[in-house]
Amino acid sequence: MSRQLSHELEVNVPASEAWELYGKLRLAKLLVEEGSIVEKIEVIEGDGGIGTILKKTYAPGSHGFSVQREKFTKYDNEKRMKELEVLEGGYLDLGLSLFRVRFEIIEKDNDSCIIKSTIEYDIKEEAVANTSYVTTDLVAKIAEIAKNFLVKNKATRSAE
């Protein structure tokens with residue numbers, strides 16, 4: 001059974017600035033520096049584009065699992081969109097057969113954009129009874145961390 005969830009967060013920075021953060025590996029580095037979600041990210045292969053494989057070690061208590069490997073499967077610089085799929089660990093260990101996240105930066109106007117995060121997942125037959133653990137909480141928190149970073153950097157640049 002396939003399901004989908006999404007989360008949107010408006011950010012008062014140009015879409016191009018938000019995409020600079022989300023587009024490659026800068027967001028991963030920010031999440032490690034911030035520390036509340038991810039403890040460590042290892043780049044197994046790639047540079048942040050299609051085919052990049054990451055191994056994420058989550059901070060204790062941030063999730064119901066500790067490690068997952070994921071691969072960037074789609075990347076569109078023009079549309080400001082990238083998609084990743086979990087290869088092993090993470091939600092797959094909790095009964096899902098597919099867990100995919102798509103990040104899109106949607107231009108609202110010259111000085112604001114929307115960070116849209118979409119989760120698509122397939123549930124194994126035996127796991128249907130308990131899928132309450134699949135929420136947008138993680139992508140919402142990632143978007144909030146990104147927003148805070150982007151707005152702070154915008155304010156710093158404005159003050160210079």
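When I say contact, I mean heavy atoms within 4.5 Å. One more caution before the details: this is a predicted model.

I will start with one residue, F72. F72 sits in strand β4. Leaving aside neighbours within four places in sequence, F72 is in contact with L25, G48, G49, I50, G51, T52, L54, K82, E83 and L84. Take L84 from that list: F72 and L84 are 12 residues apart in sequence, yet their C-alpha atoms are 4.2 Å apart in space. Is F72 buried or exposed? Its relative accessible area is 4%, and the cut-off for buried is under 20%, so F72 counts as buried.

Now the strand itself. β4 covers residues 67–76 and runs antiparallel to β5, residues 81–89, with eight bridges joining the two. One residue pair to look at is Y75, whose bridge partner in β5 is K82.

Both strands belong to a sheet. The sheet is open, has seven strands with antiparallel pairing, and its order reads β1-β7-β6-β5-β4-β3-β2. Which strands are at the edges? They are β1, residues 2–11, and β2, residues 38–45, each pairing on one side only. From one strand to the next, the twist averages 25 degrees.

Next, the helices. Helix α1 lies across β4, β5, β6 and β7, and runs at about 155 degrees to β6. α1 spans residues 15–23 and packs against α2, residues 26–34, at an angle of about 75 degrees, the axes being 5 Å apart. Angles of 65 to 115 degrees count as roughly perpendicular, so that is how α1 stands to α2. As for the residues involved, E20, L21 and Y22 on the α1 side meet R26, L27 and L30 on the α2 side. That contact divides into four nonpolar residues, no polar ones and two charged ones.

Two of those residues come up again in the core. The largest nonpolar core has 42 residues, and the members touching the most other members are Y22, L27, I37, L96, F99 and I105. Which helix gives this core its largest share? That is α3, residues 137–159, with seven residues. For L27, setting aside residues up to four places away in sequence, the contacts are L21, Y22, I142 and A146. As background, nonpolar side chains in soluble globular proteins tend to be buried together.

To recap: F72 is buried in this model, the sheet is open with seven strands, and α1 is roughly perpendicular to α2.

Key
Residues numbered from 1 in each chain as written. Predicted model: local features only at pLDDT ≥ 70, side-chain atom pairs only at ≥ 80, totals over all residues. Heavy atoms only, no water. Axes fitted to C-alpha atoms, helices over the stretch in contact; angles between N-to-C directions. Helix = DSSP H or I, 4+ residues; strand = E, 2+ residues; numbered from the N terminus. Parallel < 35°, antiparallel > 145°, perpendicular 65-115°, else oblique. Nonpolar A, V, L, I, M, F, W, Y, C, P; charged D, E, K, R; others polar. Core = buried A, V, L, I, M, F, W, Y, C linked by side-chain atoms within 4.5 Å. Buried < 20%, exposed > 50% of the residue type's maximum accessible area, 1.4 Å probe, protein only. Pairing = 2+ DSSP bridges.
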